[in-house]
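Let's take a walk through this model together, beginning with a helix and working outward to the rest of the fold.

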Amino acid sequence: MIKLTDIFKETLSPKIYQIDGTMVADTTQRPLADILSDIRALTGVTIVRVTNNRQPSAEKLKKYVVDINVKIDPAPFETFDSGTIESIKQKIVKIPAVRTVRYTEKTKLVKY
């Protein structure tokens, strides 16, 4: 017989990590909502929040700047370390219409 507590132990990771950064996107190529959806689709990414949505400047209409928080669940990974986090960061930068992402230096453990 399978116990409900066993199911919770298997499916809920006790740890969640967060990376913060500032992203510059070209919203003339793709809408911001599509870019954020692509980030959410990355393995391990559970939540992507925009914390400071800045409108594009009049001089550079292709430049749309947002501060983002990306939460990562280590459960889908066989091994989870700083290399895994760096890989996720690199995948975010490669998403179409993302021009640059500057990450804060430290990854936070937000849930234990």
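## A helix with one buried face

This is a predicted model, and helix α3 is a good place to begin. Counting 1.5 Å a residue, its 12 residues should span 16 Å, and the end C-alpha atoms of α3 lie 17 Å apart, which agrees with that expectation. Viewed down the axis of α3, the buried residues fall within an arc of 140 degrees, so they line one face of the helix. Those residues are Thr84, Ile85, Ile88, Lys89 and Ile92. An α-helix has 3.6 residues a turn, so residues three or four places apart point the same way.

What do the buried residues of α3 pack against? Their partners are β1, α2, β2, β3 and β4. At the start of the helix, a side-chain oxygen of Asp81 comes to within 3.0 Å of the backbone nitrogen of Gly83.

## A second helix, α2

Helix α2 can be read in a similar way. Leu32, Ile35, Leu36 and Ile39 are its buried residues. Around the axis they cover an arc of only 95 degrees, which puts them on the same side of α2. These buried residues pack against β1, β2, β3, α3 and β4.

## The overall fold

Stepping back, the protein contains 3 helices and 5 strands. Along the sequence they follow the pattern α-β-α-β-β-α-β-β. Of the contacts between residues at least 6 apart in sequence, 70% join residues at least 24 apart.

The chain has 112 residues, and 35% of them count as buried. The protein exposes about 7500 Å², with carbon and sulfur atoms supplying 52% of that area.

## The nonpolar core

In soluble globular proteins, nonpolar side chains tend to be buried together. Here the largest nonpolar core has 22 residues, and the members that touch the most others are Met23, Ile35, Ile39, Val45, Val70 and Ile92. At least two residues of this core come from each of β1 (16–25), α2 (32–40), β2 (45–54), β3 (64–72), α3 and β4. Strand β3 gives the largest share, 5 residues.

Which residues does Met23 contact, leaving aside neighbours within four places in sequence? Four of the names come from the buried set of α2, namely Leu32, Ile35, Leu36 and Ile39. The others are Tyr64, Val65, Val66, Ile68, Val98, Thr100 and Val101.

## A buried aspartate in β1

Asp20 lies in strand β1. Is this residue buried or exposed? Asp20 counts as buried because its relative accessibility is 10%, below the 20% cut-off. Its side chain makes a polar contact with the side chain of Lys108, at 2.8 Å.

Lys108 is also among the residues that Asp20 touches when those up to four places away in sequence are not counted. The rest of that group is Ile68, Asn69, Arg102, Tyr103, Thr104.

## An alanine with positive phi

One more residue deserves a look, and it brings us back to the region after α3. Ala97 sits in the loop between α3 (82–93) and β4 (98–103). What is the phi value of Ala97? The angle is near 80 degrees, a positive value in a residue other than glycine. Ala97 also counts as buried, because its relative accessibility is 7%.

Note on methods. Residues numbered from 1 in each chain as written. Heavy atoms only, no water. Buried < 20%, exposed > 50% of the residue type's maximum accessible area, 1.4 Å probe, protein only. Contact = heavy atoms within 4.5 Å. Areas by Shrake-Rupley, 256 points an atom, 1.4 Å probe, with all protein chains shown as cover. Core = buried A, V, L, I, M, F, W, Y, C linked by side-chain atoms within 4.5 Å. Polar contact = N/O pair within 3.5 Å; in protein donor to acceptor, adjacent residues only side chain to side chain. Expected span 1.5 Å × (residues − 1). Arc of directions from axis to C-beta.
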